[in-house]
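Colleague: I would like a close look at one part of this model. Please take the largest pocket, then work outward from its lining into the rest of the chain.

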Amino acid sequence: MSRHPSTKWAQRLDKVYLTIELPDAKDVKLNLRPDGHFNFSAKAPADGMQYELDLELFDAVSVEESQAAVAPRAICYLVKKAEAKWWPRLLKKEGRPPVFLKVDWDKWQDEDDEDAGFGDFGDMDFSKLDMGGGDDDDDDEIEEDDDEDNVVDSANKGDVDAETEPGSKGGEAPSAAGAEAKP
């Protein structure tokens with residue numbers, strides 16, 4: 001008797017990602033046919049249990065351009081579509097997908113996202129973005145009480161004792177950063 005391994009999938013316009021989650025798989029066999037028929041079999045090393053997949057993908061694929069990688073935690077298969085178009089689902093058969101087949105949200109991309117270029121930052125220079133945090137303070141602002149500034153400064157510095165902070169008063173309560181009071 002064989003089991004089905006947990007399998008994740010995601011697609012792009014021209015490819016499908018299949019990730020078979022079977023740690024330390026032994027005797028891995030992968031077979032992909034141009035009509036989109038995908039077979040997988042392997043054994044789990046812990047109990048010798050046989051795992052198998054037999055999937056009929058939605059459309060034809062390019063076997064020559066597809067790639068597989070057997071890693072210690074999973075088997076990854078990049079399936080190149082024969083025709084660059086979005087599939088409405090992974091499997092040819094309509095209806096509810098099998099329970100072992102799940103969407104890989106880490107790799108998922110919608111059709112609209114690909115047009116907008118989301119997920120591909122290319123040669124964007126993040127240093128040119130004005131993300132705030134600069135010294136753009138107005139001179140007209142009212143100065144806060146020095147004691148409040150010291151508490152905030154010491155809380156931002158980690159495990160610094162309030163007594164060693166410059167400008168702090170001896171005997172103050174320790175900062176919120178977790179410093180212990182010293183006698």
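Modeller: The pocket comes first, followed by the residues and strands that lead away from it. Keep in mind that this is a predicted model.

The largest pocket holds about 270 Å³ of space. Its lining counts 15 residues. Closest to the centre are Leu 91, Lys 93, Arg 96, Pro 97 and Pro 98. By class, the lining splits into seven nonpolar, one polar and seven charged residues. Strand β9, residues 101–103, gives the largest share of the lining, with three residues.

Start with Leu 91. This residue sits in the loop between β8 and β9. Is Leu 91 buried or exposed? Its relative accessibility is 15%, so Leu 91 counts as buried; the cut-off for buried is under 20%. Beyond its neighbours within four places in sequence, Leu 91 is in contact with Leu 55, Glu 56, Leu 57, Phe 58, Pro 98 and Leu 101. One of these partners, Pro 98, is also among the residues closest to the pocket centre. Phe 58 is 33 residues away from Leu 91 in sequence, yet the two C-alpha atoms are 4.6 Å apart.

From Leu 101, the contacts lead on to Thr 7. Thr 7 belongs to strand β2, residues 6–11. With four places either side in sequence set aside, Thr 7 is in contact with Thr 19, Ile 20, Leu 53, Phe 100, Leu 101 and Lys 102. The C-alpha atoms of Thr 7 and Phe 100 are separated by 6.0 Å, although their positions lie 93 residues apart along the chain. Thr 7 has a relative accessibility of 1%, so it counts as buried.

Next comes Thr 19, a partner of Thr 7. Thr 19 is found in strand β3, residues 15–21. Its relative accessible area is 9%, which means that Thr 19 is buried. Its side chain makes a polar contact with the side chain of Lys 107, at 3.3 Å. Past four places in sequence, the contacts of Thr 19 are Ser 6, Thr 7, Lys 8, Ala 74, Ile 75, Cys 76, Asp 104 and Lys 107.

Strand β3 also feeds the nonpolar core. The largest such core has 24 residues. Which residues have the most contacts inside it? They are Leu 18, Phe 38, Phe 40, Leu 57, Val 79 and Leu 90. Each of β3, β5 (37–43), β6 (50–56) and β8 (75–81) supplies at least two residues of this core. In soluble globular proteins, nonpolar side chains tend to be buried together. Leu 57 ties this region back to the pocket, through its contact with Leu 91.

Phe 38 deserves its own list. Beyond four places in sequence, Phe 38 is in contact with Leu 18, Ile 20, Leu 30, Asn 31, Leu 32, Leu 53, Asp 54, Leu 55 and Tyr 77. Two of these names have come up before. Leu 55 is in contact with Leu 91, and Leu 53 is in contact with Thr 7.

Now Ser 41, in strand β5. At 14% relative accessibility, Ser 41 counts as buried. Setting aside residues up to four places away in sequence, Ser 41 touches Asp 27, Val 28, Lys 29, Gln 50, Tyr 51 and Glu 52.

One of those partners has a backbone worth checking. Asp 27 has a positive phi of about 55°, although it is not a glycine. Asp 27 lies in strand β4. Asp 24 also has a positive phi, near 55°, and is likewise not a glycine. Asp 24 lies in the loop between β3 and β4 (26–32). At 42% relative accessibility, Asp 24 counts as partly exposed. Outside four places in sequence, Asp 24 touches Lys 43, Pro 45 and Pro 72. Asp 24 and Ala 74 are 50 residues apart along the chain, with their C-alpha atoms separated by 7.7 Å. Ala 74 is also a contact of Thr 19.

Finally, the whole chain. There are two helices and nine strands. From the N terminus, the order is β-β-β-β-β-β-β-β-β-α-α. Buried residues make up 27% of the 183 residues. Among contacts with a separation of 6 or more, 52% join residues 24 or more positions apart.

Conventions: Residues numbered from 1 in each chain as written. Predicted model: local features only at pLDDT ≥ 70, side-chain atom pairs only at ≥ 80, totals over all residues. Heavy atoms only, no water. 1 Å grid on protein atoms, 1.4 Å probe; cavity = no way out; pocket = protein on both sides within 12 Å on 5 of 7 lines; lining within 4 Å. Points joined across faces, edges and corners; volume = space filled by probe spheres on them. Helix = DSSP H or I, 4+ residues; strand = E, 2+ residues; numbered from the N terminus. Nonpolar A, V, L, I, M, F, W, Y, C, P; charged D, E, K, R; others polar. Buried < 20%, exposed > 50% of the residue type's maximum accessible area, 1.4 Å probe, protein only. Polar contact = N/O pair within 3.5 Å; in protein donor to acceptor, adjacent residues only side chain to side chain. Contact = heavy atoms within 4.5 Å. Core = buried A, V, L, I, M, F, W, Y, C linked by side-chain atoms within 4.5 Å.
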